[in-house]
Number of protein chains: 2
Amino acid sequence: MSDDSRFRGALDHILELVVLLNDDMTQSLAKEGLTVSRATLLWTLRQRGPCTQRVLAEDLGVSARTVTGLVDGLVATGFVVREPHPTDRRATLVTFTERGEATIRAQERAQGEFGRQLFAGMPAERFDGFTAGLADVLDTLHDLGLTHRPAVTA
Amino acid sequence: MSDDSRFRGALDHILELVVLLNDDMTQSLAKEGLTVSRATLLWTLRQRGPCTQRVLAEDLGVSARTVTGLVDGLVATGFVVREPHPTDRRATLVTFTERGEATIRAQERAQGEFGRQLFAGMPAERFDGFTAGLADVLDTLHDLGLTHRPAVTA
DNA sequence: TATTGTTATACTCTATAACTATA
DNA sequence: TATAGTTATAGAGTATAACAATA
C-alpha cells in the first residue's frame, strides 16, 4: 500500500474522530440546555473568572454582537448573570450563577470520566505511541499556520 | 503524574485537534463559496452519484427541510442542479454542475496534499504508533455507542 | 476621540408542522 | 394511504453597520 493511501486513511480516521466527538458533545450539551457555542463561553468564563463581554469576544474569536446573543441566551436559561463593572459604567461583568458553576463542575467531572473510558483500557505502550504521534500532528498543524484560541481545553 | 492527568492531557490534545481542523476547514471552504454543511452534501453526492434529496437527508442525518435549504444554496452558487427524476415525478435528482465536479476534485487533491504535509515528515514507527492508537480510540468510541454517518471520509 | 455594548439587518443551519403533487 | 419536496414558522449562531452611553 502506498504512503499516500496510508496517509489518506489516517486523515480519514482523524476526520471521523472530529465528527464523532462534535456530534456527541452537541447531544450531551443539549440535554443540559446548552449549545456548543454557549458552553464554550462558559469554559472561557471558568478560566477567566468574571469578565467583560469584550474579553469574551476576543477569547472566543467572535464579534461583540455574537457575545451579546450568547450571553442573552445564557442569562435566559439561568447559567450566568450580567453585573455592573465596578469602575467602567459602559461594561458589564458576566458572572456564573450557582447553577452555572454547578454545571461547569459537572462537566469537568464528566470529561475526566470520559478520558478514563477512552484510555484506561489501552496498553501503556500504545497510549504513549498515540500521544506522541498526536503531539507531532499538532506541532505540524501549528507549523502550517493553524492556530486557535484555547477555549475548550481546561 | 497520575494516569488521570495524563488521560486528561491527551483528551485536551484531541479537543484542540478537533477545533483546529474544524476552523481550518470552515475557512478554506469559505474561500470557495462553500460552508461545511454544503460541502458535506457535495461529498455525499460524490460517493452516491446523482440522488434524491430524500437520500441526501438520510445520509446526512438532517431533515428534508434542511436539505431543501442546502440544495437551494448550492444551486444559487452553481455547484449543483435539480433534474427531474426519470420515473418518479415527485422526486428530483441532485446532480453536479461542471463547476461542482471540478471543485470536489480539487478538494480531493487538497486532502491528499494535506495528508502528505501532516504525515510525510513523521518517522514510520511514530506514524504506526499513532494510527494504531487512533484506531483503538475509534473502536472505544464505537463501543461507547458513538456512531456517525460517514459523509466526510472519502 | 475611542471603547462597550446594544439595536437593526441579514445570511446560514437546524427543526416541526402543514400542505401539494405524485405514487 | 404513503412519500417527495415545499412553504410557513421558529430558534440559534454568525457578521457588519449604526448608535448610545461612557471613558
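The legends below describe views of a predicted model.

Residues are numbered from 1 along each chain as its sequence is written, and chains are lettered from A and ligands numbered from 1 in the order written. Local features need pLDDT of at least 70, side-chain atom pairs count only at pLDDT 80 or more, totals for chains, interfaces and linings use all residues, and side-chain values use heavy atoms, without hydrogens or water.

**View 1. Fold of chain A.** Chain A has six helices and two strands (DSSP runs: H or I of at least four residues, E of at least two). Their order along the sequence is α-α-α-α-β-β-α-α. The radius of gyration (over C-alpha atoms) is 19 Å, well over the 15 Å of the globule rule (2.2 Å times the number of residues to the power 0.38) for 154 residues, so chain A is more spread out than a compact globule. Its C-alpha atoms fill a box of roughly 65 × 35 × 25 Å along the principal axes.

**View 2. Burial and contacts in chain A.** Of 154 residues, 42% are buried (under 20% relative accessible area, 1.4 Å probe, protein chains only). Take contacts (heavy atoms within 4.5 Å) between residues at least 6 apart in sequence: 50% join residues at least 24 apart.

**View 3. Two copies.** A rotation of 180° with 0.0 Å of shift along its axis superposes chain B on chain A, with RMSD 0.1 Å (least squares on C-alpha atoms of residues with pLDDT of at least 70 in both). The two copies are thus related as by a two-fold rotation axis. The copies meet through the same surface, because 100% of the interface residues of chain B are also interface residues in chain A.

Methods:
Buried < 20%, exposed > 50% of the residue type's maximum accessible area, 1.4 Å probe, protein only.
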